[in-house]
Amino acid sequence: MKKTEKNRAERNRTLTVSKEEIPTLETRITDVLELKNGFRDNCIVNGDIYESLDYIPNGYFDLIIIDPPYNLDKDFNGNKFSSMKSEAYEDYLRSWFHKVCDKLKENGSLYMCGDWKCSSSMQHVIEERLTVINRISWQREKGRGAKSNWKNGMEDIWFAVKNPKDYYFDVESVKMKRRVIAPYKVDGQPKDWEETENGNFRITYPSNFWDDISIPFWSMPENTDHPTQKPEKLYAKLILASSKPGDKVFDPFLGSGTTAVVANKLGRNYCGIEINRDYCLWAAKRVIISEQDKSIQGYSNGVFWERNSLNEQRKRE
Ligand SMILES: C[S@@+](CC[C@H](N)C(=O)[O-])C[C@H]1O[C@@H](n2cnc3c(N)ncnc32)[C@H](O)[C@@H]1O
């Protein structure tokens with residue numbers, strides 16, 4: 001039985017696509033033939049990167065976000081990826097990475113997501129073309145327990161640029177609102193924090209350790225049945241920090257459409273490639289919803305809130 005036909009619990013908000021919706025959603029999807037006839041902004045390309053990349057302009061994007069298949073056995077809706085030796089995985093990355101890099105502007109930025117197993121291969125390959133300027137560690141909380149190993153609860157996000165002397169980074173747009181554990185006062189006044197009836201909070205600059213983002217789960221409206229969907233909150237940080245409104249964002253492995261959705265919500269242009277038709281339909285539906293609903297769970301009033309702080313955010317609003 002296909003996942004979209006599953007019986008769901010009442011509070012389950014996982015996005016699905018009905019047969020009736022497909023014709024409308026298809027108007028939002030570009031196939032490789034159409035792409036060959038001319039590239040346009042804000043497109044979800046249903047195709048293989050190996051066939052599509054040649055028809056996407058070089059030196060065009062301000063920001064590229066890459067979340068490729070990790071070096072694991074994974075079934076992407078029938079399209080299976082198999083784990084391999086690290087050298088072979090590096091060759092796999094090389095088979096598309098250099099072409100993807102050509103799409104980046106001279107002052108552009110690139111992020112690549114990975115786990116502990118594929119992360120060092122990613123660093124090697126990224127450094128063949130770009131300068132790595134940071135590695136973000138995302139504590140993703142959920143992960144399968146293992147009897148003979150440590151449970152995997154982390155992911156890496158490599159941050160790299162073409163020119164370390166000329167790239168855009170807006171740290172002010174990605175500040176965090178954190179509960180103050182030890183409120184410190186000077187002359188009876190809060191030092192760098194705010195006293196509210198809902199608690200004491202401090203606005204802080206973000207580090208490269210992110211522990212405020214959970215993976216999408218079934219009660220969240222952004223959730224789909226994609227097996228490795230990234231949270232909107234995570235991509236909102238990348239897009240806000242490393243692009244301006246109106247800039248162009250590219251994702252060669254679009255999956256359920258997170259990059260397109262967040263770029264659209266934040267007023268950036270997007271282009272994404274995804275080989276799987278169902279995933280493209282989910283992405284198209286999410287993009288249509290994002291035209292009306294610009295909210296990003298965990299980001300409100302221009303700041304990122306801690307996990308499980310929805311009540312405080314609502315009181316604030
Ligand atoms: C890790 S997932 C990306 C998930 C995405 N970040 C999201 O939030 O949903 C990788 C995606 O790459 C797609 N993919 C794998 N090989 C591809 C190829 N050669 N061309 C285009 N897409 C491909 C898979 O179908 C899968 O959806």
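This briefing walks through the sheets, helices, core and ligand surroundings of one structure. The model is a predicted one. Two open sheets are described here, one of nine strands and one of five. Helices that pack on the nine-stranded sheet come next, followed by the nonpolar core and the residues around the ligand.

**The nine-stranded sheet**

- Nine strands make an open sheet with mixed pairing, and their order is 1-2-16-15-3-6-8-7-14.
- At its edges are strand 1 (29-31) and strand 14 (209-210), each of which pairs on one side only.
- Strand 7 (residues 131-139) runs parallel to strand 14, and two bridges join them.
- Within that pairing, Ser137 has Phe209 as its bridge partner, while Trp138 stands opposite Trp210.
- Strand 7 also runs antiparallel to strand 8, this time with eight bridges.
- One residue to look for here is Asn134, whose bridge partner in strand 8 is Phe159.
- As a general point, strands of a sheet pair through backbone hydrogen bonds, either parallel or antiparallel.

**Helices against this sheet**

- Helix 5 (residues 116-126) lies across strand 6 (104-114), strand 7 and strand 8 (154-161), and it runs at about 5 degrees to strand 8.
- Helix 6 (residues 232-242) packs on the sheet too, where it touches strand 3 (61-66), strand 6, strand 7 and strand 15 (248-251).
- The direction of helix 6 makes about 155 degrees with that of strand 3.

**The five-stranded sheet**

- The order in this open sheet is 12-13-9-18-17, again with mixed pairing.
- Strand 12 (194-196) and strand 17 (299-300) are the edge strands; each has a single partner strand, so one side of each is left without a neighbour in the sheet.
- The partner of strand 17 is strand 18 (residues 303-305): the two run antiparallel and are joined by two bridges.
- In this pair, Ser300 stands opposite Val303 of strand 18.

**The nonpolar core**

- The largest nonpolar core contains 65 residues, and those with the most contacts inside it are Ile64, Tyr111, Ile239 and Ala283.
- Helix 8 (residues 277-292) gives the most to this core, contributing seven residues.
- Leaving aside neighbours within four places in sequence, Ile239 is in contact with Leu63, Val249, Val262, Ala263, Leu266 and Arg268.
- In soluble globular proteins, nonpolar side chains tend to be buried together.

**Helix 7, a covered helix**

- Helix 7 (residues 258-265) is mostly covered, with eight of its eight residues buried.
- Among these buried residues are Thr258, Asn264 and Lys265, along with Val261 and Val262.
- The buried residues of helix 7 pack against strand 2 (43-46), strand 3, helix 6, strand 15, strand 16 and helix 8.
- After helix 7 comes Gly267, which has a positive phi, near 75 degrees.

**Around the ligand**

- The ligand is surrounded by 21 residues, and the closest are Asp67, Phe253, Gly255, Ser256 and Thr258.
- Helix 3 (49-52) and strand 16 (269-274) are the elements that give two or more residues to this shell.
- Sorted by class, the shell has nine nonpolar, eight polar and four charged residues.
- Thr258 is a good residue to find on screen: it is one of the closest to the ligand, and it is also one of the buried residues of helix 7.

Conventions. Residues numbered from 1 in each chain as written. Predicted model: local features only at pLDDT ≥ 70, side-chain atom pairs only at ≥ 80, totals over all residues. Pairing = 2+ DSSP bridges. Helix = DSSP H or I, 4+ residues; strand = E, 2+ residues; numbered from the N terminus. Contact = placed C-beta atoms within 7 Å. Axes fitted to C-alpha atoms, helices over the stretch in contact; angles between N-to-C directions. Core = buried A, V, L, I, M, F, W, Y, C linked by C-beta atoms within 7 Å. Buried ≥ 20, exposed ≤ 12 C-beta atoms within 10 Å, placed from the backbone. Near = placed C-beta within 6 Å. Nonpolar A, V, L, I, M, F, W, Y, C, P; charged D, E, K, R; others polar.
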